[in-house]
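User: Please take a close look at one part of this structure for me. I would like the central sheet and what packs around it.

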Amino acid sequence: MRTDIDADGDAEVAPDAEAGAAADAGSDRETTDAAESVARALDAFRAGDPVCVHDFADREGETDIVYPAGAVDESAVAHMRNDAGGLICVAVGDPVADAFGLPFLADALDHPAVDDDPDYDDRSSFSLPVNHRETFTGITDEDRARTIVELAGAAAAVDADPAGYGPEDFAAEFRAPGHVHVLRGDRDGLGGRTGHTELGLAMAEAVDAAPAAVVCEMLDDETGAALTPADAEAYARRRGIPYVEGAALVEALK
């Protein structure tokens, strides 16, 4: 660090050194804030509570409400459809999707409309939309909560015994088409893709929950567009829900 000596013999820190020190302090604060936001998010997830997760400005640029799938009940479904408004989807890990025998939806459809080349990524993570077989229409809060919780239970069964659960078991529990969209996580997790699918699954793994996470995009009632990160963070603060940036999760959990 360069210093200058004034007429009284006191050392004065040069302006460029002051700027560098301020930048370092700012960087340290940002690192601390990011670590604290991840810790709050994981504490909430561990308790079965929701987290607001913004992915990346140069990706979807969206904030999702994310729950551990095993903790979802009727009130959680109502929360997502009222306060978020996007699609309520269940992300499952790649080994789980393999055990379920679930394809990527684009690979399963034979139609000229199929075009799985989204602007935000190499491909979408959509697999089959399903209902649990003991639901009625599948769309009510009660029905969707049942489907989601049973998907989490099936994912946990695969995690405990990968060879003990197969496509026939999945078909005995679930039917397609349905009203809960299943998403396939990337085979390499956050190392291969950094969407809300993988971010939710990474949080589930970090807290030893079933490899299944519910994600739902937050939309703006006035504009119809994705809720801005600032508005999503303000919402989270009002509701006492942790808000975390995808970059912070990737840094901590990748």
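Analyst: What follows goes through the sheet strand by strand, then its helices and its core.

This is a predicted model. The chain has 254 residues, and 44% of them are buried. Its secondary structure comes to 9 helices and 9 strands.

Start with the strand order. An open sheet of 7 strands runs β6-β7-β5-β8-β4-β3-β9, and its pairing is mixed. β6 and β9 (243-245) stand at the edges. Each has a single partner strand, so one side of each lacks a neighbour in the sheet. Direction ignored, neighbouring strands are turned by 40° against each other on average.

Next, β5 (89-92). Both of its faces are covered. C89 and A91 are buried on one side, V90 and V92 on the other. β5 pairs with β7 in the parallel sense, over 4 bridges. A91 has L183 of β7 as its bridge partner. With β8, β5 runs antiparallel, again joined by 4 bridges. Here C89 is bridged to V215 of β8.

β8 (212-217) also has β4 (63-68) as a partner. The two are antiparallel, with 5 bridges between them. V215 of β8 turns up again here, as the bridge partner of V66.

Now the β6 edge. 5 bridges join β6 to β7 (residues 174-184), and the two strands run antiparallel. H132 stands opposite F174 in β7. Is this edge strand enclosed or open? Of the 7 residues of β6 (residues 126-132), 5 are buried, so the strand is largely enclosed by the rest of the structure.

Helices supply cover. α5 lies across β5, β6, β7 and β8, and runs at about 65° to β7. α8 packs on the sheet too, touching β3 (51-54), β4 and β9. The direction of α8 makes about 145° with that of β9.

α5 also meets another helix. The axes of α2 and α5 come within 8 Å and cross at roughly 110°. That makes α2 roughly perpendicular to α5. On the α2 side, the contact is made by E74, V77, A78 and R81. On the α5 side, D141, E142, R144, A145 and I148 take part.

What fills the space between these elements? Nonpolar side chains tend to be buried together in soluble globular proteins. Here the largest nonpolar core has 40 residues. V90, F100, I148, L151 and V214 have the most contacts inside it. Strands β4, β5, β7 and β8 are among the elements that give it two or more residues. So are helices α2 (74-83), α3 (94-100), α5 (141-160) and α8 (229-239). α5 gives the most, with 7 residues.

V90 of β5 shows how these pieces meet. Its contacts beyond four places in sequence include I148 and L151. They also include V180, H181, V182 and L183. A69, A212, A213 and V214 complete the list.

Apart from this core lies another, of 25 residues. C89 is among them, as are A44, L199 and V207.

L199 leads to α7 (residues 196-206), where it is one of the buried residues. This helix is mostly covered, with 9 of its 11 residues buried. The buried set also includes H196, E198, M203 and A204. After α7 comes D208, whose phi is positive, near 60°.

Finally, the chain as a whole. Among contacts with a separation of 6 or more, 69% join residues 24 or more positions apart. The exposed area is about 12900 Å², and carbon and sulfur atoms supply 48% of it.

Notes. Residues are numbered from 1 along each chain as its sequence is written. This is a predicted model: local features need pLDDT of at least 70, side-chain atom pairs count only at pLDDT 80 or more; totals for chains, interfaces and linings use all residues. Side-chain values use heavy atoms; hydrogens and water are left out. Buried means under 20% relative accessible area, exposed over 50%, partly exposed in between (1.4 Å probe, protein chains only). Two strands pair if DSSP finds at least two bridges between them. A nonpolar core is a set of buried Ala, Val, Leu, Ile, Met, Phe, Trp, Tyr and Cys residues joined through side-chain atoms within 4.5 Å. Contact means heavy atoms within 4.5 Å. Accessible areas come from the Shrake-Rupley method with a 1.4 Å probe; for residues, only the protein chains shown count as cover. Axes are lines fitted to C-alpha atoms, for helices over the stretch in contact, and angles run from 0 to 180 degrees between N-to-C directions. Angles under 35 degrees count as roughly parallel, over 145 as roughly antiparallel, 65 to 115 as roughly perpendicular and the rest as oblique.
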